[in-house]
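The following exercises practise the reading of a protein model, from whole chains down to single residues. Each task is followed by a solution in steps.

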Amino acid sequence: MNAPETTRRDMLCTLAGCAAAALAGGCSDFTHTEFFRGHFKELSEDELTAIREKIEAECKTKYDKDVTVSNTPAREGVQFAYALDISRCVGCRRCVYACVAENNQSRDPVVQWIRVLEMDKEKGIDFEHANPYYDAETVPRPGHFYLPVACQHCADPACVKSCPVGATWKEPDGIVVIDYDWCIGCRCCMSACPYGARRFNWKEPSLPADQVNANMHILGNRPRPKGVVEKCTWCVQRVRDGRYPACVEVCPVGARKFGNLLDPSSEIRYVLDKKRVFVLKNELATHPRFYYFYGL
Amino acid sequence: MNLPAQFLRFVTGSVRIVLRGNALYWTWIAALLVTIAGGVFAYVHQMQTGLISTSMRDQVSWAFYIGNFTFLVGVAAAAVLLVIPAYVYNWKPIKEVVILGELLAIAAITMCALFVLVDVGHPDRLQHLMPGIGKLNLPSSLLAWDVVVLNGYLLLNFTIVTYLLFMLVRGKHPNYAIFTPLVLLSIPWAIGIHTVTAFLYNGLAARPFWNSAILAPRFIASALCSGPAVLLVLMQLLRRFTRFEIQDAAIWKIAELMAYAMAVNLFLLGAEVFKEFYSGTEHVIHMQYMFTGVNGHNAIVPFMWIAVACSIIAFLLFLVPKTRKNPITLNTGCLLIYSGVYIEKGMGLVIPGMTPDTLGEIYEYQPSSTELMVAAGVFAVGFLLFTLMVKVATPIMLGEFRVVDEEPGRAKPAAA
């Protein structure tokens with residue numbers, strides 16, 4: 001794809017590969033293993049295709065399912081943003097479950113990218129007294145309101161800054177992504193994230209074969225190995241094809257809005273123009289692209 | 001005899017020294033090897049099942065391993081900083097103090113590297129940190145900086161100590177034009193490794209408990225207590241069991257300096273406690289979790305009070321001239337300081353910083369048996385390395401091991 005990478009790979013071939021070539025009888029076999037794979041942004045089209053096909057083949061073996069792993073890039077002129085109407089959210093957690101199903105999250109151990117916090121109306125937004133484990137017959141419970149939190153896709157993400165190997169970055173359309181094949185699992189990003197948005201695979205994720213979502217993106221909902229970090233990608237596999245994230249689609253009260261900030265007719269633009277919005281932990285200046293508002 | 005041949009003799013002679021020892025020595029080595037085996041066993045289990053075999057979870061995603069790493073960076077830094085008083089007070093065994101300090105630094109940095117290794121989810125991808133093959137995220141990632149400065153420090157100390165010992169073993173004086181600048185460079189570098197490690201926490205605005213400007217100074221102050229504590233005990237042991245000479249005055253002076261360092265450490269801790277509790281913002285909750293517990297979650301509270309008590313008692317023992325000159329109270333003080341700083345910089349730094357988590361949830365962390373066994377194994381590797389290095393370095397420093405005149409353990413001079 002770009003020249004420096006080719007040069008670097010050639011150099012590795014010369015340096016390391018040919019030493020092994022004498023032994024193994026082939027240069028490319030050795031230097032094109034995962035060990036010598038370059039950073040995602042430096043991969044050529046061929047290398048990317050090879051990686052995507054490898055994941056597809058692995059899914060076929062593991063789940064006996066034909067999946068498509070896409071690499072749809074960010075589109076020009078698109079800056080995604082999200083808005084959530086706190087006064088509409090009833091805390092039903094349908095977004096949480098839709099997200100798990102869409103994004104192939106581990107069922108055991110349970111990995112959920114969205115955490116819905118139950119808060120006291122009298123205390124306002126107060127994390128210290130928030131309850132993420134509320135278990136109610138019916139929601140909303142009297143005296144409470146609900147605040148769903150996931151990755152805020154900050155304009156100045158603290159997680160990206162902290163990663164020692166550049167395994168997580170902000171895409172041109174504003175989505176913060178992780179390369180699961182590059183992450184070393186040091187969890188600096190989890191310490192750095194002010195929103196508790198990142199999840200670590202403490203053991204091998206388990207995903208029932210009949211529940212696999214076959215529409216995958218290489219930086220999104222493809223199956224993850226153990227020992228790496230994952231998080232919300234605003235359903236990169238959907239939104240780059242012009243669809244809504246799963247949580248937006250499923251929300252029964254229409255509390256979730258998503259769209260392109262640069263499109264004057266988008267819902268997100270409407271919310272920013274007509275409503276008064278705020279962001280979580282504004283004082284940390286991470287500048288979330290995830291806005292909250294009181295629509296009613 | 002040419003240089004490579006001499007170096008070969010230096011290496012083979014070292015191996016021979018290491019393989020020779022009394023029952024106490026072999027018991028110690030055996031105990032360390034057993035502990036290492038336990039650590040390897042536990043680590044293999046952790047690799048197979050994943051980090052779920054630790055007690056870490058998303059809420060507390062750094063814990064015991066990283067706490068130990070942080071503490072040991074302090075030990076590594078302080079060991080070398082002892083060079084400063086050695087020069088200032090012109091102690092007789094300056095070279096020896098330098099050598100022992102740097103050997104301790106090498107052992108401590110090795111343990112640091114191992115603690116990072118056992119903490120990461122994909123140790124098989126650590127080549128991503130290597131320039132050329134990987135992508136070291138400089139200048140923005142503090143962990144990337146830490147990798148650079150810690151490896152540089154290891155290389156620097158390894159070079160100095162190997163050079164110095166290899167000169168001594170040939171009965172030569174080191175070339176001070178090379179040696180002195182390297183030692184002088186190692187001093188600011190020692191400050192650097194602990195500062196960068198402090199910044200690794202300090203820079204995270206998401207964690208108010210760490211996001212305090214006096215974190216790096218606190219790290220340095222506490223390290224200046226724990227590092228010398230190890231060396232003080234070691235110097236007394238060497239003095240007792242070998243012909244190693246070290247003046248009482250030097251030992252007492254180190255103890256006195258440690259008292260001042262502990263005074264600064266306690267003062268800085270007090271400043272943090274005041275700021276948090278008096279202003280009483282929502283950030284005070286981490287300090288409350290540490291010292292009083294929050295809503296019945298108080299697993300680490302007793303440890304923190306023990307740490308404070310250890311530090312205060314040790315401070316008093318080292319402040320009063322009579323008690324720092326008495327070998328019993330002196331060594332008690334060393335033990336107390338070591339324990340106090342170990343708890344404070346290990347568990348006491350990492351766990352309250354992560355509890356409650358950024359969304360207010362309290363997950364009460366206590367290390368799992370896997371974590372304890374792996375950590376014990378890492379410490380055993382460090383102790384083993386340090387023991388072997390000191391075993392070789394001591395006869396060289398005492399002039400008992402020379403490759404030019406005669407080989408150790410042989411009466412007949414070897415052909416030169």
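**Exercise 1. Describe chain A in outline.**

Solution. The model is predicted. Step 1: among the contacts in chain A with a separation of 6 or more, 65% join residues 24 or more positions apart. Step 2: chain A contains nine helices and 12 strands. Step 3: of its 296 residues, 43% are buried.

**Exercise 2. Determine which elements of chain A touch chain B.**

Solution. Step 1: the contact involves 40 residues of chain A and 39 residues of chain B. Step 2: strand 3 (115-120), helix 5 (158-162), helix 6 (188-192) and strand 7 (199-200) of chain A each supply at least two residues to the side of chain A that touches chain B. Step 3: helix 6 of chain A gives the largest share of that side, four residues.

**Exercise 3. Identify the residues with the most contacts inside the largest nonpolar core, and the helix that contributes most to this core.**

Solution. Step 1: the largest nonpolar core has 200 residues, and those with the most contacts inside it are Ala76(B), Leu104(B), Ala108(B), Cys112(B) and Met258(B). Step 2: helix 5 (residues 94-119) of chain B provides the largest share of this core, 17 residues. Step 3: as general background, nonpolar side chains tend to be buried together in soluble globular proteins.

**Exercise 4. Classify the packing of helix 3 and helix 5 of chain B.**

Solution. Step 1: the axes of helix 3 (residues 64-81) of chain B and helix 5 of chain B come within 8 Å and cross at roughly 165°. Step 2: angles over 145 degrees count as roughly antiparallel, and therefore helix 3 of chain B and helix 5 of chain B are roughly antiparallel to each other. Step 3: their contact includes Leu72(B), Val73(B) and Ala76(B) of helix 3 of chain B, and Leu104(B), Ala108(B) and Cys112(B) of helix 5 of chain B. Step 4: the crossing of these two helices is left-handed.

**Exercise 5. Compare the reach of helix 9 of chain B with the expected value, then examine its surroundings.**

Solution. Step 1: helix 9 (residues 248-279) of chain B has 32 residues, and its first and last C-alpha atoms are 46 Å apart, close to the 46 Å expected at 1.5 Å a residue. Step 2: its buried residues include Ile251(B), Ile254(B), Ala255(B), Met258(B) and Met262(B). Step 3: the cover over the buried residues of helix 9 of chain B includes helix 8, helix 11 (301-319) and helix 13 (327-345) of chain B. Step 4: leaving out residues up to four places away in sequence, Met258(B) touches Cys225(B), Pro228(B), Ala229(B), Phe318(B) and Ile337(B). Step 5: just after helix 9 of chain B, Gly280(B) takes a positive phi of about 55°.

**Exercise 6. Locate backbone features that depart from the usual pattern.**

Solution. Step 1: most residues other than glycine have a negative phi, and most peptide bonds are trans. Step 2: Lys281(A) nevertheless has a positive phi near 50°, and His287(A) has one of about 50°. Step 3: Lys281(A) lies in the loop between strand 11 (277-278) and strand 12 (290-293) of chain A, and the place of His287(A) is in the loop between strand 11 and strand 12 of chain A. Step 4: Lys281(A) counts as partly exposed because it has 17 C-beta neighbours inside 10 Å, which lies between the limits of 12 and 20. Step 5: the peptide bond from Leu138(B) to Pro139(B) is cis, with omega near 0°, and Pro139(B) is found in the loop between helix 5 and helix 6 (142-169) of chain B.

Methods:
Residues numbered from 1 in each chain as written. Chains lettered and ligands numbered in written order. Predicted model: local features only at pLDDT ≥ 70, side-chain atom pairs only at ≥ 80, totals over all residues. Contact = placed C-beta atoms within 7 Å. Core = buried A, V, L, I, M, F, W, Y, C linked by C-beta atoms within 7 Å. Expected span 1.5 Å × (residues − 1). Axes fitted to C-alpha atoms, helices over the stretch in contact; angles between N-to-C directions. Parallel < 35°, antiparallel > 145°, perpendicular 65-115°, else oblique. Left-handed = near helix turned anticlockwise from the far one by under 90°.
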